[in-house]
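Trainee: I'm new to this one and would like a close look at how its strands pair, and at whatever is packed around them. Could you take me through it step by step?

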Amino acid sequence: MSPQSSAAFVADFRQAAPYIHYLSGKTIVLAVSSHVLLADKLASLAKDIQLLASLGVRLVLVHGTRQYLNNMMHAAGETLSYHRGWRITDEATLQQVKQACGMVRFDIEAALSSSPAQMPDRNQRRLRVASGNFLLAKPLGVLDGIDMGYTGRIRKVDAEAIQQRLNEGCLVLVSPLGQSLSGKSFNLGLDDAAQALAVTLKAEKLVFLTSDDGVRSADGTLLNQLTAADAQTLLDTSAHSADMSRMLKAAIYVLENGVRRAHILSGLNDGSLIAELFTRQGSGTALAQSSFMRIRAADNRDIGDIISLIAPLEHAGILLPRNREYLENHIHEFSVLEHDCHVYGCVALKVFEQQHTGELACLVVSPDAQDGGYGELLLDYVLKQAKARGVHTLFALSTNTGDWFDERGFETAELSELPPARQEQYLQNKRRSKIYRRSLV
């Protein structure tokens, strides 16, 4: 491996490591469109699913059947009937739904039974797949005078049975068929089943693997991140395919009911699932209830992340050393910038109330995110904090980044302008940092 390739691999692995750690032990519901399953992509997708399972991710996979049914109906010279977006399922169609579910189920089980070539231990136990009557259904009934037949809605998800299989290390495979208390089977929609599973299981993520790259704006731009409110606005103001509309509605529903993230991405692109889950930029569209990025007050749980951020700069002599005890005693002065549940930056604000002055300190952004404008966001956050606390003058001391402060409205200041307590600290540490000030009034 060349030095360039090695450096790129290390950078990618470092970026993926927090996501790997975070997702271990979490439940993800994968909703796989029949478009993907019929596009000869199952083998590569199965390898990525096996990799996720090996990293400790708890997986529930629900599959679609529409394209299988369309092919079967076309071969028989028939067509499926729909009303208000719902498939009308008569008795003959229900039999074909069962056949389609059987074909998909056995194809998926076979693909997931293959020995994963990327695993270091080829003797490792293969991924076990568990299926069962996990979905209790009820008939959709009559809509606008039309009997929807064996088309159903989910009445209940047997979460206890699914959790038991997950605890045993199985991947749970769910077909879009539900059973009623009267012993009948009902045809279910993929999105309906996926959202019910995600909410009931309190999943961390619901991931739609489809033929679309993700959600696009009205001008065709791929949108990497959306809040639930953004998604609702898109639904209200832009035209989308019926499939995309259903996925967006399901995403909004799960986000409003406790699921942390929803994702819509292409299952046709090799490795897209891994890229979406383990890189900051992703491969499709990620959706959250609120903004992916936020700056918040730090607490003791953030001390490890803050130490990781500042340690390289302390070793280089750019920052004063701050040990864990110091951080525990001064954590109330710190704020952290969090993106998609990971800390990528920190900053501290120390206020000298008698002098109506403050000091911006320890502004650090992870090397993995220094192209995201996070430094500017942390500075703006501290400026607002300082003004709210009655600070008239904000100081910053630096040995290496003076130009950065010059470009952002700070001016050179003298030691005598610092509060007396800070002057004493300055003389004691003998770093000869340059002093900058910015008026906030």
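Mentor: Let's start with one bridge: Leu-226 has Leu-287 in strand E16 as its partner. This is a predicted model, so local features need pLDDT of at least 70 and side-chain atom pairs count only at pLDDT 80 or more, while totals for chains, interfaces and linings use all residues. Residues are numbered from 1 along each chain as its sequence is written, and side-chain values use heavy atoms, without hydrogens and water.

That bridge belongs to a bigger picture. Strand E14 (residues 225-227) is joined to E16 by three bridges, and the two run parallel. (Strands are DSSP runs of E, at least two residues; helices are runs of H or I, at least four; both are numbered from the N terminus. Two strands pair if DSSP finds at least two bridges between them.) Leu-287 turns up again as the partner of Ala-262. Here E16 meets strand E15 (residues 261-266), and these two pair in the antiparallel sense over four bridges.

Now look at which way the side chains of E16 go. In a regular strand they alternate between the two faces of the sheet. In strand E16 (residues 285-288), Thr-285 and Leu-287 point one way, Ala-286 and Ala-288 point the other way, and all are buried. (Buried means under 20% relative accessible area, exposed over 50%, partly exposed in between, with a 1.4 Å probe and protein chains only.)

Further along the chain you'll find an open sheet of seven strands with mixed pairing, in the order E17-E18-E19-E20-E21-E23-E22. Its edges are strand E17 (293-297) and strand E22 (411-412), each of which pairs on one side only. Inside that order, strand E20 (residues 357-365) and strand E21 (residues 393-398) run parallel and share four bridges. One contact to find on screen is Gly-358, whose bridge partner in E21 is Leu-394.

Follow the chain back from E20 and you reach His-356, in the loop between strand E19 (342-352) and E20. Most residues other than glycine have a negative phi. The phi of His-356, though, is positive, near 55 degrees. His-356 counts as partly exposed because its relative accessibility is 40%. Arg-432 does a similar thing: its phi is positive at about 60 degrees, although it is not a glycine. Arg-432 sits in the loop between helix H15 (420-429) and E23, and its 67% relative accessibility makes it exposed.

E23 also takes us to some rings. There are five aromatic pairs in the structure. In one of them, Phe-405 and Phe-410 have ring centres 5.2 Å apart and planes at 75 degrees, so this pair is edge-to-face. (Rings of Phe, Tyr and Trp, its six-membered ring, pair if their centres lie within 6.5 Å; planes under 30 degrees apart are stacked, over 60 edge-to-face, the rest tilted.) Phe-405 also pairs with Tyr-436, this time stacked, at 6.0 Å centre to centre and 20 degrees between the planes. That second pair links distant parts of the chain, 31 residues apart: Phe-405 is in helix H14 (residues 402-406) and Tyr-436 in strand E23 (residues 434-439).

How accessible are these rings? Phe-405 counts as buried at 6% relative accessibility, Phe-410 is buried at 4%, and Tyr-436 is buried at 4% as well. Together with Trp-404, they form one aromatic cluster.
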